[in-house]
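Colleague: Could you take one part of this model and go through it closely, strand by strand, with its neighbours and the packing around it? I would like a connected account rather than a list.

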Amino acid sequence: MRERFVATVGDLLEQDERTVVVLAVISAGLFRDAGLTDRFPDRIVDVGIREQTQIGVAGGLALEGLTPIVTGYAPFLVERAYEQIKVSLAHQGVTAILASVGASWDSSGEGRTHQAPEDVALMATIPGVDIHVPGHALELEAALRHVHAGSRSAYLRMTTDTNAKPYQHEVGRLSTLKRGSESAPTIVAVGPVADATLAAVADIDATVVYTATPSPIDARGLRAEVLGSEVLVVEPYLAGTTASRILEVLSDRPIRLRSHGVSNLDVRMYGLPDEHRRFHGLDAGGIKSFVLDAVRTPVG
């Protein structure tokens with residue numbers, strides 16, 4: 001996704017002179033290797049290892065009518081600079097595109113400092129920000145071009161996890177990946193967990209819908225696909241993050257919603273991404289156990 005991101009940003013720099021990139025060291029080498037730093041020396045700004053300043057600079061550029069694209073590791077871009085996002089961007093009424101790398105545990109070998117399963121939950125508290133969690137590099141490119149052409153701020157969450165193919169055919173719209181019976185649970189799979197979810201329910205009666213845009217979620221599509229009373233969410237970040245959006249859309253229906261994502265535990269180990277995925281039950285086996293437990297548990 002990062003390579004696709006840099007290539008797409010290069011196109012946007014070429015097409016729109018208002019586009020600027022604000023870095024805090026991270027990804028600077030990728031832009032340099034792609035020749036973009038030499039081509040656009042005045043529109044690619046590297047502030048050094050100063051993430052709060054990075055957001056402040058982006059806010060200032062946005063106030064001047066430019067379109068800043070800001071990228072960095074999720075824990076630094078979102079958690080460390082949260083106050084600056086709140087004040088320098090949202091409170092000032094300006095827009096920017098924030099694109100993170102690292103996701104929940106892509107850089108697990110760096111330890112907890114480089115892990116951010118809480119990032120989407122935090123960004124969901126910032127008003128006026130659309131959140132995109134692509135599950136494929138082509139979805140990342142489509143989302144980036146879409147938000148660049150729009151008038152709202154956006155958070156794009158890049159990851160090394162990927163589905164075998166893109167599932168979102170239109171930015172922001174749900175796609176139906178598997179259709180079960182009318183009484184079957186509806187599973188909302190977000191971004192890169194779609195393939196694992198499909199593998200998990202291959203022999204289970206379930207409807208699986210997919211989104212790479214958990215906020216704002218496709219209300220019309222969700223209402224059309226949820227036929228029964230059981231709604232399950234499989235999300236690649238902190239469990240429960242997407243629940244409020246879904247409950248708001250289905251507030252007039254008697255449903256039971258259960259979320260499955262990264263557990264709210266402080267995991268004091270490094271390990272590999274696959275080990276973290278298994279630990280939190282976000283591999284196919286863990287997702288299957290979650291679904292079976294949910295459908296076997298009676299209401300009340």
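Modeller: What follows is a close look at one strand and its sheet, and then at some side-chain contacts elsewhere in the chain.

The model is a predicted one, and side-chain atom pairs are counted only at pLDDT 80 or more. The part I have chosen is strand E8, which covers residues 186-190 and is joined to strand E10, residues 230-238, by 4 bridges, the two strands running parallel. E8 belongs to an open sheet of 5 strands with mixed pairing, in the order E7-E9-E8-E10-E11. The edges of this sheet are formed by strand E7 (175-178) and strand E11 (256-262), each of which pairs on one side only. On average, and with direction ignored, neighbouring strands of the sheet are turned by 25 degrees against each other.

On the E10 side, the register can be followed residue by residue: Val188 stands opposite Val233, and Ala189 stands opposite Val234. Helix H13, residues 284-296, packs on the sheet and touches E8, E10 and E11, and its direction makes about 160 degrees with that of E11.

On the other side of E8 in the strand order lies E9. Strand E9, residues 207-211, runs parallel to E8 and is joined to it by 5 bridges, with Val190 of E8 standing opposite Thr211 of E9. Together with helix H9, residues 194-200, the strands E8 and E9 make a right-handed β-α-β unit.

How is E8 placed with respect to the rest of the structure? Of its 5 residues, 5 are buried, so the strand is largely enclosed by the rest of the structure. In a regular strand the side chains alternate between the two faces of the sheet. For E8 both faces are covered, since Thr186, Val188 and Val190 on one side are buried, as are Ile187 and Ala189 on the other.

Strand E9 also leads to the aromatic side chains, of which a search of the whole structure finds 3 pairs. One of them is formed by Tyr73 and Phe76, an edge-to-face pair with 6.2 Å from centre to centre and 65 degrees between the planes. Tyr73 is buried, with a relative accessible area of 15%, and Phe76 is buried as well, with 13%. Another edge-to-face pair is that of Tyr167 and Tyr210, with 5.6 Å between the centres and 65 degrees between the planes. Tyr210 lies in strand E9, whereas Tyr167 lies in the loop between strand E6 (153-157) and E7, so this pair ties together parts that are 43 residues apart in sequence. Both Tyr167 and Tyr210 are buried.

A last residue to consider, outside the sheet described above, is Ala62, which is found in helix H4, residues 51-63. Ala62 is buried, with a relative accessible area of 10%. Leaving aside residues up to four places away in sequence, Ala62 touches Pro68, Val94 and Thr95. Ala62 and Thr19 are 43 residues apart in sequence, and their C-alpha atoms are 9.8 Å apart in space.

Conventions. Residues numbered from 1 in each chain as written. Predicted model: local features only at pLDDT ≥ 70, side-chain atom pairs only at ≥ 80, totals over all residues. Heavy atoms only, no water. Pairing = 2+ DSSP bridges. Axes fitted to C-alpha atoms, helices over the stretch in contact; angles between N-to-C directions. Contact = heavy atoms within 4.5 Å. Buried < 20%, exposed > 50% of the residue type's maximum accessible area, 1.4 Å probe, protein only. Right-handed = clockwise from strand over helix to strand, strands pointing away. Phe/Tyr/Trp six-rings, centres within 6.5 Å; stacked < 30°, edge-to-face > 60°.
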